[in-house]
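Me: I have a structure open and want to talk it through. Can we start with a turn between two strands?

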Amino acid sequence: MFKEEIKGSLYIALKDLKMYYFKPPNLSWGIMFPIVMALAFILRNPSGVKDLASGLIAISILFAATSAEAIVIVFERRTKTFERLLLAPLSLQAILFGKVIGGVIFGFLMSSIFLVGSVIFLGVPFSNTVFLLGSLALSAFVFSTFGTLVSVAVKEIFDAMTLANFFRFPMIFLCGVFIPVSALPSFLHPLAYALPLTYSVDLIRFFITGSYDIVHPAVSVVVLIIYSTVLFYLSVWVLKRRIEK
Amino acid sequence: MGSDSIIEVSDLTKFYRDFSAVNHINFKVNGGEIFGFLGPNGAGKTTTIKILTGLIQPTEGTATIQGKDIRTHIVEIKKIIGVVTEDSNLYDELSVFDNLRFVGQLYGVSQGNRDKRIGELLKRFDLESKREAKFATLSKGMKRKVTIAAALIHSPQVVFLDEPTTGLDVLSARILRAMIKELKALGVTVFLTTHYIEEAAQLCDRVAILVNGTIKTVDTPGNLIATTNSKNLEEAFIEITGLKEEIMLVDKEGKR
């Protein structure tokens, strides 16, 4: 039973990757947006590339994992194709897990490209490949579940983008992407500590620079796992309620 | 009826806040029959299908399909049922073959069986030439055929068809009716909702008539015609649903 559910989830993820992810608008959000941001900051301060790399890789995951994820379910609900998935012999958890995995794979791939580019072209070092890739995957999981929650919470695609950006853009400035959280005014700390991107940036930073800004990497891992779990089950709960309406 | 019933519905009720879409309905569907579920718009037909296929939960009551309770064994039930919803809900971007393959994957049909089954279905539904065509490019009739083929990919024992011929031209509708008869010949139980009473008269072994979420009667078309002293099933339907006065009023208004 569990094996069938996992297989079903993977088929959903593969279908989503083929249909929605590797499309120009998505690639532009996943690659172009972080590149433009990177160039802007690198041109301003060429010596700070190493410090910026972790934040830029983290936002590439954030945008890649959420850009399609946040609209996929709302789009499929409008076209009635989501009903096709609901009719399949899979639990709601398996269906949503498939949706999440699509975002995770795309987020991971995009950030890996960004990581390789940073190493080759900008000379960014890294300390532990396995853990670094693991931190990219974990971050992709968190942001993909965030995208899923957005997608099940709204009725229109436009609303999905608005809601996703309501969280994504402030996160760029509050979570240590460009300015370390420790350097932010203290009144912003509670907000920064409440957002998952903070832990993602800090974790990736540890495997690039060898030091962390706010919490030990183990704490970041635990926080990101908790975020993923909560966001995933919240998505399941919200979707169940939406279907019953 | 009784031991050979494949669907058993008892006291099934669905409330949306204060509105009762389905209200304590009871009926049984025999294995291998075409069971018509008729009623005016808003009678609760689609809600009943949604409950029986696990899309929504009942507020009260229960139903079993092949002895399995929809509240507790819905995943197992979904393996033995095929569903054709009112809308052709396949993926526009995917080809006919890719759509069928994806649905086969969701139902756990092994790769060897899947490809063989897709080949059979494409042949049976005369879709071989459309194998690589994108779903979006097909005509409405073709889309319905592919949607029905998708519902049959895992060789289900029960097929739910919700308004399958609505919006189709005469020829496509005829072809679909022939397919429904073919399903029965293959031993598949068909649960059919339709607005076309003549279609139900042609196809169904028994029909249930639903009005405002309540079942008025369940019987064979022949018995319904006889007990209501009607000329045909449409007249019997009008009599049973109480639409006679409304229709007379519409006719009168139309003559003015």
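Me: How many residues lie between β9(B) and β10(B) in their hairpin?
Reply: Two residues lie between β9(B) and β10(B). Keep in mind that this is a predicted model. In the turn, N212(B) has a positive phi of about 50°.

Me: Is N212(B) buried, partly exposed or exposed, and why?
Reply: N212(B) has 16 other C-beta atoms within 10 Å, so it is partly exposed. A buried residue needs 20 or more, and an exposed one has 12 or fewer.

Me: What other residue has a positive phi although it is not a glycine?
Reply: E163(B) has one, of about 50°. E163(B) is in the loop between β7 and α6 of chain B. With 18 other C-beta atoms within 10 Å, E163(B) is partly exposed.

Me: Back to the hairpin strands. How many bridges join β9(B) to β10(B), and do they run parallel or antiparallel?
Reply: Five bridges join them, and they run antiparallel. Within the pair, A208(B) stands opposite V218(B) in β10(B).

Me: What sheet are they in, and what's the strand order?
Reply: They are in an open sheet of six strands. The order is β6-β7-β8-β3-β9-β10 in chain B, and the pairing is mixed.

Me: Which strands stand at the edges?
Reply: β6 (81-84) and β10 (214-219) of chain B. Each has a single partner strand, so one side of each is left without a neighbour in the sheet.

Me: What does the twist average from one strand to the next?
Reply: It averages 15°.

Me: How do β3 and β8 of chain B pair?
Reply: β3 (residues 34-38) and β8 (residues 189-193) of chain B pair in the parallel sense, over four bridges. F35(B) stands opposite F191(B) in β8(B).

Me: Which helices pack on the sheet?
Reply: Helix α6 (residues 170-185) of chain B packs on the sheet and touches β3, β7 and β8 of chain B. The direction of α6(B) makes about 150° with that of β8(B). Helix α9 (residues 233-241) of chain B also packs on the sheet. α9(B) touches β3, β9 and β10 of chain B, and its direction makes about 35° with that of β9(B).

Me: New topic: A149(B). Where is it?
Reply: A149(B) is in helix α5 (residues 140-151) of chain B.

Me: Is A149(B) buried or exposed?
Reply: Buried, because A149(B) has 25 C-beta neighbours inside 10 Å. The cut-off for buried is 20 or more.

Me: What does A149(B) touch, leaving out residues up to four places away in sequence?
Reply: A149(B) touches L100(B), L121(B), F125(B) and L127(B).

Me: Now chain A. How do the axes of α6(A) and α7(A) cross?
Reply: Helix α6 (residues 92-122) and helix α7 (residues 129-153) of chain A have axes that come within 8 Å and cross at roughly 135°. That angle makes α6(A) oblique to α7(A). The crossing is right-handed.

Me: Which residues meet there?
Reply: Among them are G103(A), G107(A) and F108(A) in α6(A), and A140(A), F141(A) and G147(A) in α7(A). By class, the contact has nine nonpolar, eight polar and one charged residues.

Me: And how do α7(A) and α10(A) cross?
Reply: The axes of α7(A) and α10 (residues 196-209) of chain A come within 9 Å and cross at roughly 170°. α7(A) and α10(A) are therefore roughly antiparallel. The residues of their contact divide into seven nonpolar, three polar and no charged.

Me: Same for α7(A) and α11(A): what angle do they cross at?
Reply: Roughly 20° for α7(A) and α11 (residues 217-244) of chain A, with axes that come within 8 Å. That makes α7(A) roughly parallel to α11(A). The crossing of α7(A) and α11(A) is left-handed. Their contact includes F146(A) and L149(A) in α7(A), and L231(A) and R242(A) in α11(A). The residues there divide into 15 nonpolar, five polar and one charged.

Me: Last one. How many residues of chain B are in contact with chain A?
Reply: 20 residues of chain B are in contact with 17 residues of chain A. On chain B's side, the elements that give two or more residues are α2 (74-80) and α3 (96-106).

Me: What classes are on chain B's side?
Reply: Ten nonpolar, six polar and four charged residues.

Key:
Residues are numbered from 1 along each chain as its sequence is written. Chains are lettered from A and ligands numbered from 1 in the order in which they are written. This is a predicted model: local features need pLDDT of at least 70, side-chain atom pairs count only at pLDDT 80 or more; totals for chains, interfaces and linings use all residues. Two residues are in contact if their C-beta atoms, placed from the backbone, lie within 7 Å. Ala, Val, Leu, Ile, Met, Phe, Trp, Tyr, Cys and Pro count as nonpolar, Asp, Glu, Lys and Arg as charged, and the others, Gly among them, as polar. Two strands pair if DSSP finds at least two bridges between them. Axes are lines fitted to C-alpha atoms, for helices over the stretch in contact, and angles run from 0 to 180 degrees between N-to-C directions. Angles under 35 degrees count as roughly parallel, over 145 as roughly antiparallel, 65 to 115 as roughly perpendicular and the rest as oblique. A crossing is left-handed if the near helix is turned anticlockwise from the far one by less than a right angle, and right-handed if clockwise.
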